[in-house]
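I wanted to look up two things here: backbone angles with an unusual sign, and the packing of one pair of helices. My notes are below the structure.

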Amino acid sequence: MSKRFISFFVAFILCVSSLCVFASADGYGDNNTTVKDTLSDEVDWLESGTYKIENGFVFVDGAVTAEKFIHNFTNPSKVTVSNKAGSVTGSKAVATGDTVRYDGTEEKDEATVVIRGDVDCNGKATVTDIIKVRSHILKTSIIKLGTAEFAAADFDDNNVLSVTDITSLVAVVLNS
Ligand SMILES: [Ca+2]
Ligand SMILES: [Ca+2]
C-alpha cells in the first residue's frame, strides 16, 4: 500500500472519528474501560534501562526482535519471552501480549509486553491496528481489547482511547 493511499485513508478516519466524537460528546468517555487501575502486580526483578516497566507491563516503542528485546534487560541471561505458541527467540518479533519472565534461582517475575501501537498483536503498528482502535472508539463493531492491547493503543496513558491516541498511532504507522 502506498503512503499516499495510507495518508488519504488516515485523513478519512480522522474526519469521521472527529465528527462522531463531536456528535456524541455528552456520553463520550463514560463507557470507556479503565483497565490500568485494576492492575496491581509489582514487577521487581525485571529491570531495564531501555523500557518503562509499570503495572505489570513492559512498554516498547516500535517493533523489536526477541534477541534485541531480551538484551535490553539488566540481567538478560535470566530473561525469556513466550507467547501462547511457545518460546519467542532470536529474530522472531516480540508482540503485544507476549509474556516476559525473569527466572533466577529464587527470584521469579513476569510481565506482559506492550508494543506501542500494536493492538492486533503481530509485533508492529500497521493500518490494521488503526482500524481496530477506530472500531473500538466508534463502537462500529464489538471489539474487546485485552488489557495489554488497550495499553498498546493508549499512547497518552490516560486510560481512555480517543482521537488523540489514533493521531499518535497514525504518526507511528506513517513513519514506519
Ligand atoms: Ca499490529
Ligand atoms: Ca488515551
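The entries that follow cover the backbone first and the helix pair second.

Entry 1, model. I am working from a predicted model.

Entry 2, backbone. I looked for positive phi values outside glycine, since most residues other than glycine have a negative phi. I noted Asn55, which is not a glycine and has a positive phi of about 55°. I then looked up where Asn55 sits: in the loop between strand E1 (52-54) and strand E2 (57-60). I checked its surroundings too, and Asn55 has 19 C-beta neighbours inside 10 Å. Burial would need 20 or more, so Asn55 counts as partly exposed.

Entry 3, backbone again. I also noted Asn159, with a positive phi near 65°. Asn159 belongs to the loop between helix H4 (147-153) and helix H5 (163-174). I find 14 other C-beta atoms within 10 Å of Asn159, so this residue is partly exposed.

Entry 4, helix pair. How do the axes of H3 and H5 cross? I took helix H3 as residues 127-138, and its axis comes within 10 Å of the axis of H5, with a crossing angle of roughly 175°. An angle over 145 degrees counts as roughly antiparallel, so H3 is roughly antiparallel to H5.

Entry 5, contact residues. On the H3 side I listed Val127, Asp129, Ile130, Val133, Arg134 and Ile137. They meet Asp165, Ile166, Leu169, Val170 and Val173 in H5. I sorted the residues of this contact by class and got eight nonpolar, no polar and three charged.

Methods: Residues are numbered from 1 along each chain as its sequence is written. Chains are lettered from A and ligands numbered from 1 in the order in which they are written. This is a predicted model: local features need pLDDT of at least 70, side-chain atom pairs count only at pLDDT 80 or more; totals for chains, interfaces and linings use all residues. Helices (H or I, at least four residues) and strands (E, at least two) are DSSP runs, numbered from the N terminus. A residue is buried if 20 or more other C-beta atoms lie within 10 Å of its own, exposed if 12 or fewer, and partly exposed in between; C-beta atoms are placed from the backbone. Axes are lines fitted to C-alpha atoms, for helices over the stretch in contact, and angles run from 0 to 180 degrees between N-to-C directions. Angles under 35 degrees count as roughly parallel, over 145 as roughly antiparallel, 65 to 115 as roughly perpendicular and the rest as oblique. Two residues are in contact if their C-beta atoms, placed from the backbone, lie within 7 Å. Ala, Val, Leu, Ile, Met, Phe, Trp, Tyr, Cys and Pro count as nonpolar, Asp, Glu, Lys and Arg as charged, and the others, Gly among them, as polar.
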